[in-house]
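Okay, thanks for coming, everyone. I'll keep this short, so pull up the model and follow along with me.

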Amino acid sequence: TLFRSSPRHTIQVDYAPYMDELATLAGVKPNILGLFLKDPRLAMEVCFGPITPYHYRLTGPGKWNGARKAILTQWDRIVKPTRTRIPEVCEDSSTVPILLKIAGLILMFAAILAYLK
């Protein structure tokens, strides 16, 4: 099983299926096919982006007009706290990183060929 069985860990569930089940019962689960037909960009974010409570505010009781914008800008809010300083830009252009990349590519290619023989 996915979860540890012990007296302390009695109720554990996977977040996504549990939230979808609750949303279905409450009548707020978004219709993905309908989203793809009406708003493909939003549907892509709902399907392949992080699962957030905003998904369940798109339709049904408690519908929020700002849910679409919140879903489309959620990555900005996730990344912004990690951008606390501006890194220094090195003015000295060196060919060493390029040579290391080329050497690494050659070594990887040689390893693949050796593995296949």
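I'll start with the overall picture, then go through the core, the salt bridge, a couple of buried residues and a surface patch.

One thing up front: this is a predicted model. The protein chain has 6 helices and 0 strands, so the order of elements from the N terminus is simply α-α-α-α-α-α. Of its 117 residues, 18% count as buried. If you take contacts between residues at least 6 apart in sequence, 46% of them join residues at least 24 apart. The chain exposes about 10,100 Å², with carbon and sulfur atoms supplying 64% of that.

Now the core. Which residues make up the largest nonpolar core? There are 8 of them: Leu 35, Leu 42, Ala 43, Val 46, Leu 58, Ala 67, Ile 71 and Leu 72. Helix H3, residues 40-48, and helix H4, residues 67-72, are the elements that each give two or more residues to this core.

Click on Leu 58 for a second. Leaving out residues up to four places away in sequence, Leu 58 touches core members Leu 35, Leu 42, Val 46, Ala 67 and Ile 71. The list of its contacts also includes Pro 30, Lys 63 and Arg 68.

Keep Arg 68 in mind, please. How many salt bridges do we count? The count comes to 1. The partners are Asp 39 and Arg 68, whose side chains meet at 2.5 Å, N to O. Asp 39 sits in the loop between helix H2, residues 32-38, and H3, while Arg 68 is in helix H4, so the pair ties together parts that are 29 residues apart in sequence. Are these two buried or exposed? Asp 39 is buried, at 16% relative accessible area, whereas Arg 68 counts as partly exposed, at 36%.

Let's go back to the N-terminal side and helix H1. H1 covers residues 15-26, which is 12 residues, and spans 16 Å from its first C-alpha to its last, close to the 16 Å expected at 1.5 Å a residue. Right after H1 comes Gly 27, with a positive phi near 80°.

Within H1, have a look at Ala 23. Ala 23 is buried, with a relative accessible area of 4%. What does Ala 23 touch, once we leave out residues up to four places away in sequence? The answer is Val 28, Lys 29 and Tyr 56. Tyr 56 is 33 residues away along the chain, and yet its C-alpha and that of Ala 23 are separated by 6.7 Å.

Another buried residue I wanted to show you is Gln 74, in helix H5, residues 74-79. Gln 74 has a relative accessible area of 3%, so it counts as buried. Again not counting residues up to four places away in sequence, Gln 74 touches Glu 45, Pro 50, Thr 52 and Tyr 54.

Last stop: the surface. Leu 105, Met 108, Ile 112, Tyr 115 and Leu 116 make a nonpolar surface patch of about 630 Å². Ile 112 belongs to helix H6, residues 96-116. Ile 112 is partly exposed, with a relative accessible area of 45%.

That's my tour, and I'm happy to go back to any of these views.

Note on methods
Residues are numbered from 1 along each chain as its sequence is written. This is a predicted model: local features need pLDDT of at least 70, side-chain atom pairs count only at pLDDT 80 or more; totals for chains, interfaces and linings use all residues. Side-chain values use heavy atoms; hydrogens and water are left out. A nonpolar core is a set of buried Ala, Val, Leu, Ile, Met, Phe, Trp, Tyr and Cys residues joined through side-chain atoms within 4.5 Å. Buried means under 20% relative accessible area, exposed over 50%, partly exposed in between (1.4 Å probe, protein chains only). Helices (H or I, at least four residues) and strands (E, at least two) are DSSP runs, numbered from the N terminus. Contact means heavy atoms within 4.5 Å. The expected span of a helix is 1.5 Å times one less than its number of residues. Patches are made of residues with over 30% relative accessible area and no salt bridge: like charges are joined within 9 Å, nonpolar side chains (Val, Leu, Ile, Met, Phe, Trp, Tyr) within 5 Å. Accessible areas come from the Shrake-Rupley method with a 1.4 Å probe; for residues, only the protein chains shown count as cover. A salt bridge is a side-chain nitrogen of Lys or Arg within 4 Å of a carboxyl oxygen of Asp or Glu.
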